[in-house]
Amino acid sequence: MSSDEHSLTAGPSGPNLLQDAYLIEKLAHFVREPVPDRVYHVKGGGAFGYFEVTADVSQWTKAAFLNPVGKRTPLLVRFSSVAGEEGYADTDRDVRGFALKFYTEEGNYDLVGNNTPVFFVRDPMKFPDFIHSQKRMPDSGLRSNNMQWDFWTLSPESAHQVTILMSDRGTPRTWRNMNGYSSDTYMWENAAGEKFWVKYHFKTEQGIQNMTDAEAKAMFGQDLDYHRRDLREAIDREDYPSWRLEMQIMPYEDAAGYRFNPFDITKVWPHKDYPTIPIGRMVLDRNPENFFAQIVQATFDVANFVPGIGPSPDRMVLGRMFAYADSARYRIGPNYAQLPVNQPISEVHNYNKDAPMRYFHSGSQPVYAPNSYGGPKADPQRYRDPSWFVEPAEIMRTAYAAHRDDDDFIQPGTLYRQVMTPTDRDHLIGNIVWHLSQGVEHFIQERAVKDYWAKVDSDLGARIAHELGLAAVAR
């Protein structure tokens, strides 16, 4: 083009001309540059690296990328916060997303998790409601602590996660200084067909570091992109962050009689029951070349498994297996998996056809199955669907079958009494009291003390009640 500065006009003082195709192209493209945001986990960042196997896991899984020892697989990791929009402060009190894409020789394996080992709800039916309660009010367009506490206190299964969120773990110092967890339970299967239930724990090798509430709030005014900037600068100076992958592995038969429902994402498996087993190491050593192309457009499909790994009866896993891919179809388009950042390194052969932005195609090959012309065929031996036994039962809407210790307040109470230090407890109480004091109605404050925190721990409830001036409720 003849100019990048001046549009085509009728003389120096005349109007712009519609025939200026370059101007029209620039403006038309410009107003279409954004893609729809994620509904949650909007604000984030990420980097590329590799996963290296450090222990033999063939006794538990036949997944090729996990065998043999020393094998390296390229990967992408995206970190995020759950509730805030793009531009929100990185250090806001929130759960942090921890999503991984392994580019394996058998296809992409996507694993989504958080920096906490549990979650707020256990059934996908409540997931949209939970997210709505963390977003903005329909009338004012403002976020509301009252809305959050109303939902939490009417959802006792959230107590474990909220206890973690209101501790200093709700404000990690950097993404490099936090752990990542699958939270959900998955299935591993070995070459002999033996099955195991597993949870993933990515332990930071930089050490756990958190901000106090005051430090996190102070950072609001200094750098809204603190976590995003920290990760990029660490990799630029070759201070490559790393995590050690440790697995909890439960024999298949143990699940039915375990004291907690092992598929309930609001519960952990205590380490004394199932100690973690180190199996690998993840290193991030390459920043994205283009943030939009490689991070914003990155998608994570919970249904992307490889042979040897599959879902479990965890209801949140099963719900996410639909929702995550559908989110990608909506945001990026039906051919989102053809983008370089999402494209597997193994060839893909299927009968999908057309749709916007398709550029990989099968030429003149049949677009239907079965066919007589050599089209791709399914392989039920190599890619057999993971399965588990389900008792003959009536189709119904119901809660999980309760196990012996399936009380929503047992585990957060143990966390408060046995894991947290006195300083941790003081900070937890201060954070809860501050959060409950920001526009939360009196009756919800009372419910939060009487029906929520006092059931987690009576001392915790009494201290919160005292700080809120709710002495009568504390008694």
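**Entry 1: D354**

I looked up D354 in this predicted model and found it in the loop between α8 and α9. Its phi is near 60°, a positive value in a residue other than glycine. Is D354 buried, exposed or partly exposed? I noted a relative accessible area of 45%, and because buried means under 20% and exposed over 50%, D354 is partly exposed.

**Entry 2: cis peptide bonds**

I stayed in the loop between α8 and α9, where P370 lies. The peptide bond from A369 to P370 is cis, with omega near 0°. I also noted a cis bond from N67 to P68, again with omega near 0°. P68 sits in the loop between β1 and β2.

**Entry 3: H41 and N114**

Next I turned to the record. Which residues does UniProt list for "active site"? The unreviewed entry gives H41 and N114. They are spread over 74 residues of sequence, yet they cluster in space, with a largest C-alpha distance of 10.3 Å.

I placed H41 in the loop between α1 and β1. Its phi is positive, about 55°, although H41 is not a glycine. H41 has a relative accessible area of 15%, so it counts as buried. Not counting residues up to four places away in sequence, H41 touches R78, S80, S81, V82, G97 and N114. With S80 there is also a polar contact of 2.7 Å between the two side chains.

I found N114 in strand β4, residues 107-114. At 5% relative accessibility N114 is buried. Leaving aside neighbours within four places in sequence, its contacts include H41, V95, F119, N179 and Y181.

**Entry 4: Y324**

For "binding site", the unreviewed UniProt entry lists Y324. I located Y324 in helix α8, residues 315-331. Its relative accessibility is 15%, so I wrote it down as buried. Beyond four places in sequence, Y324 touches Y40, V112, F300, D301 and V302.

**Entry 5: the nonpolar cores**

In soluble globular proteins, nonpolar side chains tend to be buried together. I therefore looked up the largest nonpolar core, a set of 89 residues in which W149, W188 and Y200 touch the most other members. Helix α11 supplies the largest share of this core, 6 residues. A second, separate core has 10 residues, among them M187, W197, A255 and Y400.

I listed some contacts of Y200, leaving aside neighbours within four places in sequence: they include Y109, L111, W188, L245, M247 and I309.

**Entry 6: H435**

I found H435 in helix α10, residues 422-436. H435 counts as buried, at 10% relative accessibility. Not counting residues up to four places away in sequence, it touches N145, Q148, W149, W152, M166 and V440.

**Entry 7: helix α11**

What distance should the 15 residues of α11, residues 442-456, span? At 1.5 Å a residue the expected span is 21 Å, because the rule multiplies by one less than the number of residues. The end C-alpha atoms are 20 Å apart, which agrees. I also noted that α11 bends by about 35° at V449.

Then I listed the buried residues of α11: I444, Q445, R447, A448, V449, Y452, W453 and V456. An α-helix has 3.6 residues a turn, so residues three or four places apart point the same way. With that in mind I went back over the list, which includes I444, A448, Y452 and V456.

Terms used:
Residues numbered from 1 in each chain as written. Predicted model: local features only at pLDDT ≥ 70, side-chain atom pairs only at ≥ 80, totals over all residues. Heavy atoms only, no water. Helix = DSSP H or I, 4+ residues; strand = E, 2+ residues; numbered from the N terminus. Bend = angle between axes of the 7 residues up to and from the residue. Buried < 20%, exposed > 50% of the residue type's maximum accessible area, 1.4 Å probe, protein only. Contact = heavy atoms within 4.5 Å. UniProt positions renumbered as here; feature names shortened; annotations may be inferred. Polar contact = N/O pair within 3.5 Å; in protein donor to acceptor, adjacent residues only side chain to side chain. Core = buried A, V, L, I, M, F, W, Y, C linked by side-chain atoms within 4.5 Å.
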